[in-house]
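Thanks for coming. Please have a look at the sequence and the structure on the screen, and then I will go through a strand and two residues.

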Amino acid sequence: MNCSIAHEIPGRIRLRCGRGSFSSGEAPVIEYLLEAQDGVVSVAASPVTGSILVEYEETRKDDRDTRNAILAAVELIDADYLDGESLPVRYKEPGIVKSGFVLLARNLLNRIFPIVVRAATNALRFLPYLANGVKSLVTGKLDVSVLDASAIGISLIFGDFTTAGTIMTLLAFGDILESWTRERSKHKLAEGLAMKESFFWIERDGTEIQIPAEDLQVGDRVVVRAGTMIPVDGTVVRGEATVDQSPMTGEPLAVHRYPGTSVYAGTVIEEGELVIGVTAFDKGTRISRIIHMIDESDDMKAEIQSKAEKLADGIVPYSFLFAGLVFLFTRNFRKATSVLLVDYSCAIKLSTPLAILSAMREGAKHGVIAKGGRTIEKIAQADTVVFDKTGTLTVALPSVADVIPFGRYSRNQILRLSACLEEHFPHSIARAVVRQAEEEGLSHREEHAEVEYVVAHGIVSRVGDERVLIGSGHFVFEDEGIPLDEVLKKRIEALPGQYSFLFLAIGRELAGIICVEDPIREEAIRAIRDLRDEGIGRIVMLTGDGAESAAHVASTFGLDEFHASLLPEQKTDFVKRLGASGARVMMVGDGINDSPALKAADVGVAMKESADIAREVADVLLTGNDLQTVATARRLARRTMRRIHSNYSFIVAVNTALLLLGLSGVITPATSALLHNSSTIGASMRSLKPLLKEKKDDA
């Protein structure tokens with residue numbers, strides 16, 4: 001192949017071969033051939049751009065042997081190599097249909113060969129199964145590998161090459177099917193989350209040019225304009241813009257980005273234009289962590305999946321015992337082989353993880369990203385749901401409803417000073433205060449000293465010689481001891497209960513109150529109703545707001561109970577007490593102060609606009625703003641568990657029937673193997689069917 005070096009750094013080389021130089025079918029061949037070279041770590045061949053990216057190990061700083069071997073191998077690749085004749089099946093068979101056809105054709109052709117040839121070819125095909133069986137025995141395992149090797153070996157010993165060949169063909173196709181369904185499900189799940197960028201506009205030598213995504217490098221300057229998703233993590237080099245960072249940071253309002261500030265892949269420019277110095281892209285970005293999580297999902301197996309695997313392996317010894325008894329009493333190796341071929345474990349092991357993986361994929365499509373099968377199972381088991389109030393049951397965009405001054409202070413003074421203090425902190429209520437001051441044209445100068453933020457309490461600062469406090473009533477009156485006479489107390493008690501209050505104290509006196517309205521999420525009413533329909537018996541709300549505001553929201557939604565004026569540690573303690581009492585708790589929240597409670601719950605669910613740390617500790621991430629996706633997650637999880645249990649029943653019924661038919665001599669071992677593998681494929685395909693489009697009672 002004629003290729004030139006497009007870019008090169010130690011351990012990494014990109015070759016440009018030109019568009020159309022190889023097809024999508026030939027790309028895997030190129031990857032396979034180059035990965036066979038000593039020292040090569042990975043190869044990615046792109047038929048769209050005609051480029052080949054090779055990563056390799058360098059043993060010494062001046063050692064270029066691996067690099068030279070790669071270049072020499074590329075030059076040798078021609079049409080004779082690209083026909084794929086020398087490649088293993090997994091590389092030269094891109095489709096499941098073609099793979100199955102090739103296996104079937106090979107098995108049929110083998111039947112017309114002379115007996116000696118058939119014996120030799122079947123013996124060679126048997127070697128990998130024998131090796132796997134011996135490996136299991138050496139490590140002290142009596143598992144499916146031993147079962148398969150025994151069934152094939154017995155058939156070969158007695159000269160039944162047709163049965164042996166059929167068994168190996170069906171097992172090979174089962175492996176291909178398992179690999180294909182797993183990878184396809186993971187690919188679809190990741191594809192739904194990943195950004196699909198083929199080209200980037202970059203600034204190079206003062207000129208703006210378009211380059212393929214494969215050619216982007218750390219240090220390049222990417223140009224991104226209004227309405228466009230930022231495709232990289234980086235630092236703003238030039239320009240100003242407002243950026244919607246809610247997918248990454250949970251901030252509901254767009255933030256101002258300017259030279260020197262950081263931006264993240266997956267965020268969107270609302271207004272303006274930025275030139276961004278790339279610090280990470282592709283797998284290095286923060287958004288790619290979600291996709292990486294998918295690849296590691298097998299480490300988060302559901303308990304039912306682990307039980308299925310243990311049950312499957314536990315059945316194998318009994319299969320051998322039963323087969324031995326059958327042979328002992330009948331002296332008929334065919335009937336004994338029929339027992340070995342009826343393998344309950346194969347279908348159980350395959351259908352259960354596929355059902356879990358399919359549920360994760362379907363959940364992502366409906367705005368629910370579950371971090372592993374264990375999470376799916378725990379959602380299904382939950383009987384109690386705990387909601388945070390602000391930003392969860394209510395929208396994350398509260399507004400100032402009223403400003404009430406006291407004493408010598410005016411309304412404008414209260415709002416101006418409050419905005420001056422609150423603008424330093426990215427809390428939704430703080431943003432509401434700042435936004436109200438801006439709308440009223442109340443600009444301010446930084447007259448206060450350094451501010452101190454007391455998490456979930458309030459803010460402390462100084463203006464001139466006076467100490468200034470703003471925060472909750474608990475913080476201002478109880479923690480800081482600001483006096484409250486009976487007249488002021490009655491005025492506060494008379495304020496509407498649906499409001500949240502920020503109290504501003506200057507010196508040692510209450511200067512004013514800011515009433516903040518927190519509009520409820522309209523869809524939350526339907527979400528709570530749907531959760532009850534899905535078997536949730538207890539729904540609780542926790543909030544740091546006052547009791548009157550909490551009572552108003554709780555009555556609106558018809559909640560079972562609520563707890564107000566809670567600190568973060570009190571929310572966490574409440575969730576822990578629920579768990580200790582036997583409840584299985586799903587906690588839904590969005591803020592930094594919700595994070596400990598999210599982690600303490602059996603299942604933590606973070607809203608789309610959640611703070612980074614809440615998204616990090618949560619088991620479930622919601623990718624949309626609709627709270628009904630919580631009910632969707634519950635519905636999907638329950639149906640997944642029902643499907644797994646119904647799969648068990650199906651597998652046991654079918655394989656027991658095959659076992660009886662084989663023992664009675666109605667079907668041959670080859671037919672038993674065919675029907676067994678067909679039932680396994682059927683259970684697996686059923687596991688991949690969508691669940692949310694079915695009727696509620698279907699599984």
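I start with strand 4, residues 51-56: 5 of its 6 residues are buried, so the strand is largely enclosed by the rest of the structure. Buried here means under 20% relative accessible area, exposed means over 50%, and partly exposed is in between, with a 1.4 Å probe and protein chains only. Strands (E, at least two residues) and helices (H or I, at least four) are DSSP runs, numbered from the N terminus.

This is a predicted model, in which local features need pLDDT of at least 70 and side-chain atom pairs count only at pLDDT 80 or more, while totals for chains, interfaces and linings use all residues. Residues are numbered from 1 along each chain as its sequence is written, and side-chain values use heavy atoms, with hydrogens and water left out.

Which strands pair with strand 4? Strand 2, residues 12-16, does so in the antiparallel sense over 5 bridges; strand 3, residues 40-46, is also antiparallel to strand 4, over 6 bridges. Pairing requires that DSSP finds at least two bridges between two strands. Val-54 of strand 4 stands opposite Ile-13, and Val-54 is also the bridge partner of Val-43.

Next, Thr-375 in helix 14, residues 373-381. Is Thr-375 buried or exposed? With a relative accessible area of 4%, Thr-375 is buried. Leaving aside residues up to four places away in sequence, Thr-375 touches Ala-370, Val-603, Asp-619 and Val-620, where contact means heavy atoms within 4.5 Å.

Last, Leu-660, in helix 25, residues 628-663. Leu-660 counts as exposed, at 55% relative accessibility. Its C-alpha atom is 10.0 Å from that of Lys-335, and the two residues are 325 residues apart along the chain.
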